[in-house]
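Here are a few exercises on reading a sheet and its helices. Have a go at each task before you look at the solution.

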Amino acid sequence: MPINLQPLLQNELIKLIPLKKSDFKMLYKVASDPLIWEQHPNKNRYQKEVFKTFFEGAIKSNGAFLVFNKKTEQLIGSSRYYDFDKENSSIAIGYTFLSRDHWGTIYNNALKTLMLNYAFEFVIKVIFHIGAENMRSQKAIAKLGAIKTDEIEMKYFGEEKKLNFIYEIEKSNWN
């Protein structure tokens with residue numbers, strides 16, 4: 001069965017809806033907070049023109065989502081699947097950001113758990129590319145059991161190369 005990179009996914013806390021071109025204004029409202037991006041490789045994504053490039057990459061990925069708090073129905077961020085590799089049975093999850101009022105809560109864990117559970121229906125390995133300076137994301141992904149496996153210079157859509165750490169979770173280690 002082929003993998004659908006934009007399924008409707010939800011659990012008791014999170015609801016993921018496929019990102020559409022018409023969602024720019026709504027998502028930018030969340031993304032326009034400079035503190036969301038302070039540890040990310042591109043610290044200027046809160047600027048509208050820079051975010052437009054990020055958003056264009058999200059649309060072209062055909063794997064991006066709006067992330068909603070299911071209880072409040074509030075849009076709280078975005079995430080995506082990308083780099084599906086059938087031959088190596090792997091996929092990446094990333095480009096995730098959440099509104100600051102959801103930091104340090106159970107929502108990032110709920111989001112990643114939802115996405116990992118779905119991905120492991122199709123692949124045996126999930127990869128995360130995390131900016132070398134993004135300590136928040138590195139700590140959060142380690143809590144889920146991801147292991148740092150490498151460091152690479154990586155070019156995001158429409159942006160310069162930046163140092164990223166590669167983290168992986170194998171299906172056999174996911175509970």
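**Exercise 1.** In this predicted model, work out how many residues of strand 6 (residues 125-131) are buried.

*Solution.* Take buried as under 20% relative accessible area. By that cut-off, six of the seven residues in strand 6 are buried, so the strand is mostly covered.

**Exercise 2.** Find the strands that pair with strand 6, and say which way each one runs.

*Solution.* Start with strand 5 (residues 90-98): three bridges tie it to strand 6, and the two run parallel. For a landmark, look at Ala92, whose bridge partner in strand 6 is Ile127. To get from strand 5 to strand 6, the chain passes through helix 3 (residues 107-119), and this β-α-β crossover is right-handed. Now turn to strand 8 (residues 161-170), which is joined to strand 6 by seven bridges and runs antiparallel to it. Here Val126 sits opposite Ile169 of strand 8. Helix 4 (residues 135-143) lies across strands 6 and 8, at about 160° to strand 6.

**Exercise 3.** Lay out the whole sheet: what is the strand order, and which strands are at the edges?

*Solution.* The eight strands go 1-2-3-4-5-6-8-7 in an open sheet with mixed pairing. Strand 1 (9-10) and strand 7 (147-155) are the edges, each pairing on one side only.

**Exercise 4.** Describe how strand 3 (residues 64-69) pairs with strand 4 (residues 74-85), then place helix 1.

*Solution.* Six bridges link strands 3 and 4, in the antiparallel sense. Ala64 has Arg80 of strand 4 as its bridge partner. Helix 1 (residues 24-31) packs on the sheet, touching strands 3, 4 and 5, and its direction makes about 105° with that of strand 4.

Definitions and conventions. Residues are numbered from 1 along each chain as its sequence is written. This is a predicted model: local features need pLDDT of at least 70, side-chain atom pairs count only at pLDDT 80 or more; totals for chains, interfaces and linings use all residues. Side-chain values use heavy atoms; hydrogens and water are left out. Buried means under 20% relative accessible area, exposed over 50%, partly exposed in between (1.4 Å probe, protein chains only). Helices (H or I, at least four residues) and strands (E, at least two) are DSSP runs, numbered from the N terminus. Two strands pair if DSSP finds at least two bridges between them. A crossover is right-handed if, with the strands pointing away from the viewer, the path from the first strand over the helix to the second runs clockwise. Contact means heavy atoms within 4.5 Å. Axes are lines fitted to C-alpha atoms, for helices over the stretch in contact, and angles run from 0 to 180 degrees between N-to-C directions.
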